[in-house]
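The following note sets out numbered points for a colleague's consideration. It is meant to be read beside the sequence and the coordinates.

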Amino acid sequence: MEKQERMRVVSCALFLVALLQCRFLAVAILDPLDFLALQSIRKSLNDLPGSNFFASWDFTSDPCNFAGVYCESDKVIALNLGDPRAGAPGLTGRIDPAIGKLSALAEISIVPGRIFGLLPQSISQLKDLRFLAISRNFISGDIPATLGQLRSLKTLDLSYNQLTGEIPRSIGTLPELTNVILCRNHLSGSVPPFLSQVLTRLDLKHNALTGSLAPDSLPPSLQSLSLSWNQLTGPVDRLLSRLDQLNYLDLSLNQFTGPIPGRLFSFPITNLQLERNLFYGPVQPFDQVTISTVDISHNMLSGQISPMFSTVQNLYLNNNRFTGQVPASFVDRLLSASIQILYLQHNYLTGITINPTAEIPLSSSLCLQYNCMVPPLETACPLKAGKQKTRPTSQCNEWKG
């Protein structure tokens, strides 16, 4: 009897273990649609030589243990494809449209590699997607306008690819966007308005964008704005005056016009790049400028140089139409090595009060050539400044007139 009781207890215990195992397997088994989607994604991608990212993708085991696959319950919620270590080889192939079947996916990232082809329209089916980053690959074609259906999207990074066409206006309507990075593609057309009131970074540099920016086209929440190396036009003074949270601004190498608002120089910016545009008129900061680097060279700015700029560490005012004397405060800060770069060449400046025997600190650079004065001391100028020391008198008289 005792033996039968022990056997009954053991049988019950084995039954409970089996039951628990079954329940565990029921939880661990991936949704069949997600399983098939991962198989399709794997078939369309391969490791580049030196990469072993897909070594763990053995479909006889649990896909939730695959490298770069993250699950919650029986659904894939994040897909990080490729070895994220710096310098690691990436992947090659195409992104299979089956990626749109991973219905719970909140994050997609693919490391730099040789992924080519179009961005699948099916990505727009991923209603929970918050993070989409496929940079430094060879994705081509248009950005699907249907990405505007991803109302939860916070980060869109498709930089350093081969994308063409316009930036869909639908992307600008996404309410949760915080980061939009589309730089170094071949995008054309205008910059759409961005309505998200939490957008902090917009990077569209090195494209072929044209047109002007409306004063209310970007939100005041922006902290970093880069539009350099495009063909954008029109004034931006009213737009920039609203963006008082900016800590980085690069509008260089465009065709922006109009004045530079004095209020801009009071923003918490560390690096201000406005060079090689068509900005004109005087530049009058409201207070001492605390921005470490200010480059407003190669424009059509005029009037006298404001002494408020003397607190800037690296100041590029060259190739403009500034006139008058260089403020004495510049000389004091230059000789104390507080100013490291002061480029004033190619203007219409008439003088600077500095002792010809003064020694410019080795850590500092001053260039004065090609103004309406003879430089009082020899300083090393960049090669692009040319060899002429003084602007022709006829030009100086014409500018005075």
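1. Helix α5 is followed by Ala337, whose phi is positive, near 70°. The model is a predicted one, and the backbone value at Ala337 should be read as a property of that prediction.

2. Within α5 itself, which spans residues 328-335, the buried residues include Phe330, Val331 and Leu334. Seen down the helix axis, the buried residues fall within an arc of 100°, so they line one face of α5. Ala328 and Asp332, on the other side of the helix, are exposed. In general, an α-helix has 3.6 residues a turn, so residues three or four places apart point the same way.

3. What covers the buried residues of α5? The cover includes the strands β23 (314-316), β24, β25 (341-343), β26 and β27 (365-367). Two of these names, β24 and β26, return in the next point, as members of a sheet.

4. Four strands form an open sheet in the order β20-β22-β24-β26, with parallel pairing. The edges are taken by β20 and β26; each has a single partner strand, so one side of each is left without a neighbour in the sheet. Between β20 (residues 280-281) and β22 (residues 300-304) the parallel pairing rests on two bridges, and Tyr280 stands opposite Met300 of β22. The pairing of β22 with β24 (residues 321-326) is likewise parallel and runs over three bridges; here Gln304 stands opposite Thr323 of β24.

5. Leu349 belongs to the edge strand β26, residues 348-352. Is Leu349 buried or exposed? Its relative accessible area is 0%, so Leu349 counts as buried, the limit being under 20%. Leaving aside residues up to four places away in sequence, Leu349 touches Ile305, Phe322, Thr323, Gly324, Val326, Leu344, Asn371, Cys372 and Met373. Among these contacts, Thr323 is the residue of β24 that stands opposite Gln304. By contrast, Leu240 is 109 residues from Leu349 in sequence and 28 Å from it in space, C-alpha to C-alpha.

6. A second helix, α2 (residues 32-44), has 13 residues and reaches 19 Å from its first C-alpha to its last, close to the 18 Å expected at 1.5 Å a residue. Buried residues in α2 are Asp34, Ala37, Leu38, Ile41 and Ser44. They cover an arc of only 125° around the axis, which puts them on the same side of α2. Pro32 and Lys43, on the other side of α2, are exposed. The cover over the buried residues includes β1 (45-47), β2 (69-72), β3 (75-81) and β4 (91-93).

7. How many aromatic pairs does a search of the whole structure find? The search returns ten. One that merits inspection is Phe256 with Phe279: the ring centres are 6.4 Å apart and the planes lie at 15°, so the pair is stacked. The centre distance may be set against the pairing cut-off of 6.5 Å. This pair links distant parts of the chain, with Phe256 in strand β18 (residues 255-257) and Phe279 in the loop between β19 (271-273) and β20, 23 residues apart. Both Phe256 and Phe279 are buried.

8. Ring pairs also link Phe35, Phe53, Phe54, Trp57, Phe59 and Phe66 into a cluster.

9. Two arginines deserve a separate remark. Arg136 lies over the face of Tyr160, at 3.8 Å from the ring centre. Arg391 is placed over the face of Tyr348, at 4.0 Å from the ring centre.

10. Positive phi values also occur at Ser73 and His298, neither of which is a glycine. For Ser73 the value is about 60°; the residue lies in the loop between β2 and β3 and is exposed, with a relative accessible area of 57%. For His298 phi is near 55°; this residue lies in the loop between β21 (293-295) and β22 and is partly exposed, with a relative accessible area of 26%.

Methods
Residues numbered from 1 in each chain as written. Predicted model: local features only at pLDDT ≥ 70, side-chain atom pairs only at ≥ 80, totals over all residues. Heavy atoms only, no water. Pairing = 2+ DSSP bridges. Phe/Tyr/Trp six-rings, centres within 6.5 Å; stacked < 30°, edge-to-face > 60°. Buried < 20%, exposed > 50% of the residue type's maximum accessible area, 1.4 Å probe, protein only. Lys NZ or Arg CZ within 6 Å of the ring centre and 35° of its normal. Expected span 1.5 Å × (residues − 1). Arc of directions from axis to C-beta. Contact = heavy atoms within 4.5 Å.
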